[in-house]
Structures are given as C-alpha cells and as structure tokens.
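Thank you all for coming. I would like to spend a few minutes on how the helices of this chain pack against one another, so please keep the structure in view while I talk.

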Amino acid sequence: MNKRSRFILILIVLVICALFLRPSVKWYFCTPAEIQKVALSSLEKIKDASEKKAREEVASLKAKANEDAGASLDKSYSYVVKAAKKAYKAAKKDVPSEMNVSAVLSAFSSASEIQTVFEDHYRAEYLKAKDNYNSSVKLGLDLSGGMNIIVKADLDAALAKQRESSEVDNPEGFKTQAMTQAVETLTSSIDKFGLSSPVIRQQGEDRIYIEIPGQADGESVNSIVQGKGILNFRLVDENATNAFNAYYASVGPDAFREDGSLADPSVIPADTEVFGYYTKDAYGLDQRHGYIAVKKEVALDGNHVKSAQVSRDQTTGQTEVNFSLDSEGASIFAEFTGAHTGERLAIVNDSKIKSAATIRQAITGGNVSLSGGFTVEEAQNIQKVLQTSYLEVPLKVESQQIIGASLGKQAIHQGMMALALGLGLVLVFMLMYYLGAGFYAIIAQVLNMFIMFSVLSAFNLTLTLSSIAGMILTVGMSVDANVIIFERIKEELALGKSRAAAIASGFDNAFWAIMDSNITTFIAALFLSQLGTGSIQGFAVSLAIGVCSSVFTALVISRLMFDFNTDVIGHKKISIGWGVKQ
C-alpha cells in the first residue's frame, strides 16, 4: 500500500470514528443536566415535561407583553419568530418589520397555537438528546450507579396451578408463554420508575435479568417482582372524569406531583382515583390518550380470570375479546354488572387503564365478551393484559446488587485516573527512550484510544470498570508493537542501511511478530467474550477492540508518519534512541 492510499484509509477511518463518537461527546459534554434528566425518562414523561415548559414559556411571553409590548426577543426565541412569520404568511397578512413580543403573540389566533410551537421545540430537544444517549457509550452500573437483580421463575408451580383449572396440552409451550408474559409484565411494571428502556431480559429457561440505572428503590422493585393482583376491574366515575379533565385542561402536567399523586385532591371525590388511559401504538409502546377517574373499590380482581382469547362476532363481524372467570369470579361479576348496567367498566393493569367498555347487560355464567370496535391489534393487546392475571408465575429474587451514584462517580474517577496515569507514564518512557520516534508512538496511542472509544459508541457498548481495565492492558500491548518496530529499525540502522531502507525493513520484519502476538490475544479475548459473563465479558470486548485498533495504529499510522518525514520532509536520519549510529 503506497503513502497516498494509506493516508486516504487513515482519513476515512478517523472521519468515521469521529461520526461514531459524536453522540457520546454531545451527550456527556454538551447536554445540560436538566435536559439529560428528562431525556432519560419515559416518553410519557418527556411529553409532560414538554407541555409544562411550553405553558411556562407562553406565560412568560404574556408577562413580557404586559410589561412592555414592544420588547424585543433574544436569539433563543428564533424558532418562535420563524413560526410567527410563517403564521402571518399563512393568514395572508403582512409580516411586521420588527418581530417584538406583541408581534409574535399577535401572529397566533390562540394561546394553544403558540403553545404547540414551544412544545414541539422542547419535545424535539428532549428526543434529540435521547437519541444521542441511545447512540453513545453507556456507563455500566459500577460507574453510573443503580441496581441489578436476577429473578428465578418457578415455571413448574405455574404449570401445576394452571392444571388445577384446565388441561394443558403443551406444557413446554405453556412455560415459554408464561416466561414471555412474565418478562413483559415486569417491563411494564418497572417502567414506572421513569426509565424508557430498563434492561430486562430472559436468561436461560427460567431466569430474568433486570438492570435499573439510577437511584431505584430496592424495596419497591422487590414488591413489583414478587407482587400479584396488578390487574383488576373498576367502575368508571364519569362525573369525576369530566371534573378532572377540565382541571387538567387548565393546569396541564402540574395537576400531578412528582410522586404521581394529585396536586389538588379535592378535584375528584375521595373514593375515586385517576389513571391514564393507554393503548399500544405502532411500535408496541403504551400511548396515553387521556385520563379516566375510577372508583378505588375493586369490582373484580384479575386473579379470577381463567383464560382469554380474541374472536370475531358472527353477526356484526367486529373483533371481540372473550375471557372466562372461575366460579367465584362469575358470581361476583354477575351481581356487579347487573347493578351497573349502562355504566363503563375499566380494566386497570399496573395503574394504567387498558380498556373502558360499557356494561350492556348483566353478565352471567362467567363468560365475558368485550367489544367496542377494536382493531385486531387492540384486541390482542387487551388479551395480553388479561393473560397477566391467570399466567401467574411465582418469582423469587435470587440476587440483588445496589451501587450508589457516589460510588459510581468514585469508580469513574479512579478508573480514568488509572487509564490516564498508565498512558502518561508509558508515553513519557517512550519519549525519553526513543526520542523522536517516541513522539510517533504518542500520536499512535492517542489515536488508538480515540478509535477504541469510537467503536464502543458505534455499537452502543457499555463501559464498565472491567472495560477500563481492558483498555489499560491494551495501552501496554499497543506500545509493545511500537517497541518491536523501533528495535527492528535500530537493528537495520546498525547494519548501515539508509533511513528509508531501515524503516521499510524494520516494518516488514516486525509485521509477523506483531500479528502473531495480537492474533493469539484476540482469540483469547474472543472466547472470553463468548463464554464469559458480566465483568469478564466487558474486559474481553474492550481487549478485543483494543487489539484491532492497536495493530492498525502501529502498522498503518506509525508507518505513514515515518514515510512522510522521509519522502516529503526529506529527513535523512532517524531520532530513535540514544547512541544509535547512522
């Protein structure tokens, strides 16, 4: 490979790495803490935060207009000015020469229009920050703090309980379905902590791994993991619903405190409470469509549900959800529906309303049919909600580890100090021992670390203490490649060869020695990454990435620097160590 091809290759690699590393730099160094806090929350909380900021901005603009209608707006409101000009043009009105506070407010026919502009701006800002986080290097629990839990599911007990009420034709299929439902239920429940995507995945046949970054309440998580009865049926209070919706229209997200309770409990009767009404969107995520007030008294607990399935009405052709109740549940439901004909009954699952159908008549016999113009997808989602009640899988916490945020910050500081100190001492030694050539090694090491972090960011890998240990080891190994090359060059110079000939022979003779040592290390790291778990896997992944990047920097980047000084600058001698005769 000639110098030009080598230079183009290096340039392409560095540009790609810069693009990969950009989200991490923007997230960790350019995103304010208050925006990070909102961006790390769920999509629902991002929506609430955007609406709240929009209301505050509208109120602030109106206050400025009352003080001085001709006051100018600073550059931070440029997006509002742009939207105002667009509104003037859409209304076929002349755009004012000076877009002051009064002119901006006059561009919109109502407060809701300008509020939408602000809300769109903040939503885009929060979602952009969230995208940067999703595309950046993640900090493991040992660095960021948080909690990890391993939960064991007793599938045999779940199968035995199901056989008490009905025959199970496919036990293995039942266990698979039960585990899938258990993971989905835990994901929905733990999302209440405001995490958009907590790490919850199945391990093996009967274990679930849960990882919650941040400051999670261990007792609350355990109660969710081991809790039952998260699904129930409650009567809708229409008057309370109307009263709350009118209240929410005036105050927005400020209707709730940070803990989720009502800011003004007197808005609704004491025997009712408010939940969000949710359906699944095109991505399978819960999407809130509003709020419904229901009675606190549970009409029927979900544990009475025996089975649920989706069907189609033979007469109307509408999609329905049919479920059956046990004998006790059938008796309770018949009495309740008979007393509340014409009212709405809500299905509440984990503090979310999934359906609110009208009771047409008393439902007896324990066989219930829900209809309401459902799409197939909506019906299947309701079916899954009902399944959470009868596919009860006993869960037991096998292990739990909590790491405080302060400990995580200390670990980051110590790890980075170790990495910086190790890298610094190695580079000082290279500079003192190999003189000018040591400077090439310094540049190669800096670019090596740059490439490593870029790869971590590109694949959204998690940075842990063990990963940092792998990087520190890589620093020593990558310098070793430079040492081999430099010593080979010194041997060639001792034979009386010229600078160009010594460099060419030195790199050629060192090539296979470097490749052999790094290939064996890469194979070991590859097996560790596949067979190891936890910290061992993190160490192996960072080591494997470091091996590849160090070979590239030693054989390609270092070679280009030597050749550039030889062929372009025209140096005849090499500064490569004390006492080297040329």
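Before I give any crossing angles, I should say that the axes I refer to are lines fitted to C-alpha atoms, for helices over the stretch in contact, and that the angles run from 0 to 180 degrees between N-to-C directions. I should also say at the outset that this is a predicted model.

With that in hand, let me begin with α1 and helix α6, which spans residues 111-134: their axes come within 8 Å and cross at roughly 120 degrees. Because angles of 65 to 115 degrees count as roughly perpendicular and those over 145 as roughly antiparallel, α1 is therefore oblique to α6. The crossing of these two helices, α1 and α6, is left-handed. On the α1 side the contact is made by Pro-23, Lys-26 and Trp-27, and on the α6 side by Lys-128, Ala-129, Asn-132 and Tyr-133. Sorted by class, the residues in the contact of α1 with α6 are 4 nonpolar, 1 polar and 2 charged.

What, then, does α1 do with α15? Helix α1, residues 3-30, packs against helix α15, residues 436-458, at an angle of about 55 degrees, and the axes are 8 Å apart. That angle makes α1 oblique to α15, and the crossing of α1 and α15 is left-handed. Here Val-13, Leu-14, Cys-17, Ala-18, Phe-20, Leu-21 and Ser-24 of α1 meet a set of α15 residues that includes Leu-447, Phe-450, Ile-451 and Phe-453. The contact of α1 with α15 has 11 nonpolar and 3 polar residues, and no charged ones.

Let me turn now to the interior. The largest nonpolar core has 32 residues, of which Ile-485, Phe-486, Ile-489, Phe-562, Ile-574 and Ile-576 touch the most other members. Two or more residues of this core come from each of α1, α14, α15, α16, α17 and α18, and the largest share, 9 residues, is that of α18. If we take Ile-485 and leave aside its neighbours within four places in sequence, we find it in contact with Phe-507, Ala-510, Ile-514, Ala-554 and Leu-555. Apart from this core lies another, of 30 residues, with Trp-27, Val-81, Ala-103 and Tyr-126 among them.

Finally, for the chain as a whole, there are 18 helices and 15 strands, and buried residues make up 44% of the 582 residues. Among contacts between residues at least 6 apart in sequence, 73% join residues at least 24 apart.

Technical notes:
Residues numbered from 1 in each chain as written. Predicted model: local features only at pLDDT ≥ 70, side-chain atom pairs only at ≥ 80, totals over all residues. Heavy atoms only, no water. Helix = DSSP H or I, 4+ residues; strand = E, 2+ residues; numbered from the N terminus. Parallel < 35°, antiparallel > 145°, perpendicular 65-115°, else oblique. Left-handed = near helix turned anticlockwise from the far one by under 90°. Contact = heavy atoms within 4.5 Å. Nonpolar A, V, L, I, M, F, W, Y, C, P; charged D, E, K, R; others polar. Core = buried A, V, L, I, M, F, W, Y, C linked by side-chain atoms within 4.5 Å. Buried < 20%, exposed > 50% of the residue type's maximum accessible area, 1.4 Å probe, protein only.
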